[in-house]
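Trainee: Got a minute to go through this model with me? I'd like to get a feel for what's inside before I head back to the bench.

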Number of protein chains: 2
Amino acid sequence: MDNKDFRTHAHELVDWMADYLEHVDSYPVKPDTKPKDILRQLPGHPPTHGEPFEAIFEDFRRIIVPGMTHWQSPSFFAYFPANTSAPSILAEMLTATLGAQCMSWATSPAATELEERMMGWLREMIGLPGEFTGVIQDTASTATLCSLLTAREAKSDYAINSRGFDTGRRFTVYCSTEAHSSVEKAVKVAGLGKEQLRKIPVDDAYAMRPAALETAVREDIAAGFTPLCVIAAIGTTGSTAIDPLAAIGEICRRNNIWLHVDAALAGTALVLPEFRWMVEGIEAVDTFVFNPHKWMFTNFDCSAYFVRDPGALVRTFEILPEYLKTAEAERVNNYRDWGLQLGRRFRALKLWFVIRTFGVAGIQEKVRLHLKLARELAGNIRSANDFELLAPVPLNTVCFRYKPRHVSDEVALNTLNAGLMERLNATGKIYLTHTKLNGRFALRIVVGQTNVEERHVREAWEMIQRMARG
Amino acid sequence: MDNKDFRTHAHELVDWMADYLEHVDSYPVKPDTKPKDILRQLPGHPPTHGEPFEAIFEDFRRIIVPGMTHWQSPSFFAYFPANTSAPSILAEMLTATLGAQCMSWATSPAATELEERMMGWLREMIGLPGEFTGVIQDTASTATLCSLLTAREAKSDYAINSRGFDTGRRFTVYCSTEAHSSVEKAVKVAGLGKEQLRKIPVDDAYAMRPAALETAVREDIAAGFTPLCVIAAIGTTGSTAIDPLAAIGEICRRNNIWLHVDAALAGTALVLPEFRWMVEGIEAVDTFVFNPHKWMFTNFDCSAYFVRDPGALVRTFEILPEYLKTAEAERVNNYRDWGLQLGRRFRALKLWFVIRTFGVAGIQEKVRLHLKLARELAGNIRSANDFELLAPVPLNTVCFRYKPRHVSDEVALNTLNAGLMERLNATGKIYLTHTKLNGRFALRIVVGQTNVEERHVREAWEMIQRMARG
């Protein structure tokens with residue numbers, strides 16, 4: 001494909017892209033696809049000779065699009081959002097074209113310095129103190145692993161990196177029973193062992209109980225363990241419960257425990273001053289992650305990882321082979337040393353485009369709307385006699401179930417709601433997923449897609465009632 | 001930005017993108033940028049109100065582009081390539097627009113099944129046996145870490161994941177002195193300890209010496225260590241040396257050692273039957289990684305990771321919280337369990353577009369051209385009295401130095417060549433980087449950018465001679 005053809009096809013794609021975004025609400029949110037449906041349509045062997053782009057693009061529309069889950073549909077209420085926006089997509093087009101590696105300053109000076117500036121902007125936008133320094137990671141899973149590894153090294157005088165686990169110390173890690181699965185993954189990867197992960201009980205709002213944390217820490221110390229790290233959730237995945245940071249931080253401080261905050265979704269709500277209470281106690285926090293790629297209109301992947309001590313992070317990961325040595329090393333950030341991967345995309349560009357296009361006020365307005373829609377939905381559920389809210393709604397996530405008067409058995413209610421979810425999703429009109437809270441099957445509605453409006457949430461709620469009762 | 005504006009601006013961007021690609025050879029390959037030059041031009045605080053896209057795009061062209069290293073310039077000969085192509089960029093445009101999460105089958109069935117098929121195509125294209133199953137990772141660094149973790153778990157009966165390092169066994173890991181820095185990083189992350197990483201000496205061609213490996217393994221066993229894993233390089237980063245896989249595999253087999261192959265760059269050369277000798281001995285290999293995002297015209301990130309036993313991989317990483325349970329789990333691949341990250345981009349699409357647009361023959365033709373240009377350059381260097389090849393040139397990477405008759409001191413030669421490199425790069429006409437081979441400062445020319453032609457390599461060679469002698 002020569003450059004003339006590229007220009008032609010790229011223009012064609014732009015029209016398809018704009019059409020898609022304009023009509024994304026007309027696609028089935030979750031496709032009616034069975035396992036292997038797509039695979040069967042794809043030849044088993046690669047073509048020997050090149051094919052015209054027209055044929056490829058046609059297959060994209062015919063085979064791929066109908067088999068996609070449409071995450072950008074305003075009726076996508078499942079999991080957590082991975083929302084995008086027009087300026088973010090525009091930036092991704094340029095990022096792909098530049099095709100630059102951003103592993104060090106020398107490999108792309110502008111990308112490195114834009115990243116530094118954007119992380120400063122984000123820090124200010126979410127109200128983190130000036131002591132924090134940021135770097136873009138791919139996912140919160142990776143950031144949490146980076147935090148745990150830095151804790152492991154900082155608390156072992158960097159001995160495990162060099163000598164391995166031969167120190168005789170046994171480290172313990174703490175999170176709530178509602179914490180994200182990435183915590184357990186990180187504990188395993190870091191070689192700490194899942195058995196040393198303490199899942200602390202939660203209160204009625206599904207937030208970590210500090211008293212239970214304190215007891216666990218005390219018991220572990222008595223049993224000869226070294227408490228290493230607490231991972232607090234600002235917004236759990238299940239119900240966006242908010243662990244009480246100040247009380248947890250106090251326990252960490254007294255016991256010299258590393259404190260990481262996973263605010264993957266909820267960090268975006270910190271752009272609103274009225275939500276800054278969630279990070280009261282930030283003084284005791286060592287590291288903090290939130291994902292602009294979830295709720296801040298920025299394409300995946302873009303996870304904002306903030307650390308109090310970049311020196312400890314770099315010391316944990318730094319490796320300097322000859323072919324990466326450059327003259328400026330002392331005066332610039334080389335982000336390859338701030339995480340796991342050497343290669344890095346130019347991810348700061350989309351943040352720049354998004355923040356400047358929306359403005360802070362524009363982002364605040366969108367986020368406030370989502371929060372309002374979630375609150376209104378929660379109010380409606382609370383008012384309905386045959387529905388039940390299953391968790392508080394501090395943010396944009398509503399956990400509930402259908403609970404008609406004639407069914408009181410918990411197992412039956414779980415089956416009923418699982419069936420309801422399946423029927424709802426089969427319509428293709430909306431897509432929602434579930435969690436379990438206290439053993440109860442909870443439907444979840446997360447209001448966070450970029451273009452979700454009042455009518456989408458209202459229509460979803462009407463359909464849920466209709467299908468549940470019909 | 002409404003959809004109408006998006007359409008308008010996206011069309012504008014397409015024209016800029018096509019113009020950029022057409023004239024990328026007119027940009028200074030490495031910018032004349034000093035630390036903080038870019039940072040100073042970026043406001044210290046985010047804007048409160050949204051700005052028109054025209055202003056943002058103008059700043060992109062005025063501030064960012066002149067500060068970028070132009071990795072897609074055909075005169076980019078530095079590091080390793082991260083080459084892109086028209087079909088890959090087109091696919092990235094669609095991927096950004098769909099904005100889909102590809103963590104599990106249910107979250108994007110078509111993306112999951114296209115990934116399965118594309119990894120099958122790639123496996124066939126590079127001639128790996130049918131026993132291998134593939135998954136896309138972000139980078140070879142991550143893939144190597146995944147391999148080492150799988151080895152750690154498989155060899156410990158999955159005990160370290162659950163109990164941590166309390167088995168009393170001390171594992172050792174082996175790579176050559178020329179192996180990529182990601183090996184050391186992975187050894188540290190996995191908690192094995194850098195002191196247990198044995199860097200095996202290399203031969204005159206900078207390839208691992210199997211006899212030295214065998215000795216190291218024997219000594220470690222005698223000293224009470226458990227040899228865990230060998231990482232063999234097919235194409236080292238410094239000089240693309242090729243570790244002898246068959247001999248290494250034999251040692252691994254006899255000693256029950258896990259064998260991972262890092263073919264990050266060179267894997268692409270396996271599309272050529274005449275290079276399949278590099279993987280003779282593949283029967284003993286457990287895992288294999290190569291990066292289509294380096295030399296196969298596919299945008300970063302796209303790292304192809306092949307494993308003999310996907311069950312061991314999944315068992316190492318699998319975590320199944322309630323909110324991720326789906327009905328189809330038994331019959332489909334859920335790639336979130338095949339690596340570190342939960343969130344995943346739709347990366348298979350660009351592979352599909354690239355392979356179909358080029359065809360296997362088209363990819364072979366490009367790669368053969370690059371290899372020919374590198375061979376010719378090596379021939380020219382060999383013929384020049386005042387230049388010296390510093391390593392064999394099995395692939396597309398040429399390591400050499402200027403060595404005029406009047407300078408024979410090694411330190412002086414190093415200084416001379418470091419200065420030469422700096423002057424060459426300062427012209428902005430070409431960009432090359434260095435490595436050290438046996439203590440010698442080696443200039444490196446890697447021929448792998450998508451659109452590099454004979455004239456670019458010739459002009460580079462002419463300029464190198466001129467500047468060295470002048």
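**Going through the model**

Mentor: Sure, start with Thr144(B), which is found in helix H5 (residues 140-155) of chain B; helices here are DSSP runs of H or I with at least four residues, numbered from the N terminus. Mind that this is a predicted model: local features need pLDDT of at least 70, side-chain atom pairs count only at pLDDT 80 or more, and totals for chains, interfaces and linings use all residues. Residues are numbered from 1 along each chain as its sequence is written, chains are lettered from A in the order in which they are written, and side-chain values use heavy atoms, leaving out hydrogens and water.

Trainee: Is Thr144(B) buried or exposed?

Mentor: Thr144(B) is buried, with a relative accessible area of 1%. Buried means under 20% relative accessible area, exposed over 50%, and partly exposed in between (1.4 Å probe, protein chains only).

Trainee: And which residues does Thr144(B) touch?

Mentor: Not counting residues up to four places away in sequence, Thr144(B) touches Val183(B), Ala186(B), His260(B) and Val289(B). Contact means heavy atoms within 4.5 Å.

Trainee: New topic. How many disulfides are there over all chains?

Mentor: The count comes to zero over all chains, where a disulfide is a pair of cysteine sulfur atoms within 2.5 Å.

Trainee: Why no bond for Cys175(A)?

Mentor: Because the closest cysteine sulfur, in Cys229(A), is 9.5 Å from the sulfur of Cys175(A), too far for a bond. Cys175(A) is also buried, at 1% relative accessible area.

Trainee: What about Cys302(A)?

Mentor: For Cys302(A), the closest cysteine sulfur is in Cys102(A), 12 Å away, so that is too far for a bond. Cys302(A) counts as buried too, at 0% relative accessibility.

Trainee: OK, how about the interface? How many residues of chain B are in contact with chain A?

Mentor: There, 147 residues of chain B are in contact with 148 residues of chain A. The area buried between the chains is about 13300 Å², and carbon and sulfur atoms give 64% of that; buried area is the accessible area (1.4 Å probe) that two parts lose on being put together, summed over both.

Trainee: How many salt bridges go across?

Mentor: The rule finds 12 across the interface of chain B and chain A, a salt bridge being a side-chain nitrogen of Lys or Arg within 4 Å of a carboxyl oxygen of Asp or Glu. One of the salt bridges joins Arg7(A) and Asp19(B), with their closest N and O atoms 2.7 Å apart. Helix H1 (residues 3-23) of chain B gives the largest share of the side of chain B that touches chain A, 16 residues.

Terms used
Helices (H or I, at least four residues) and strands (E, at least two) are DSSP runs, numbered from the N terminus.
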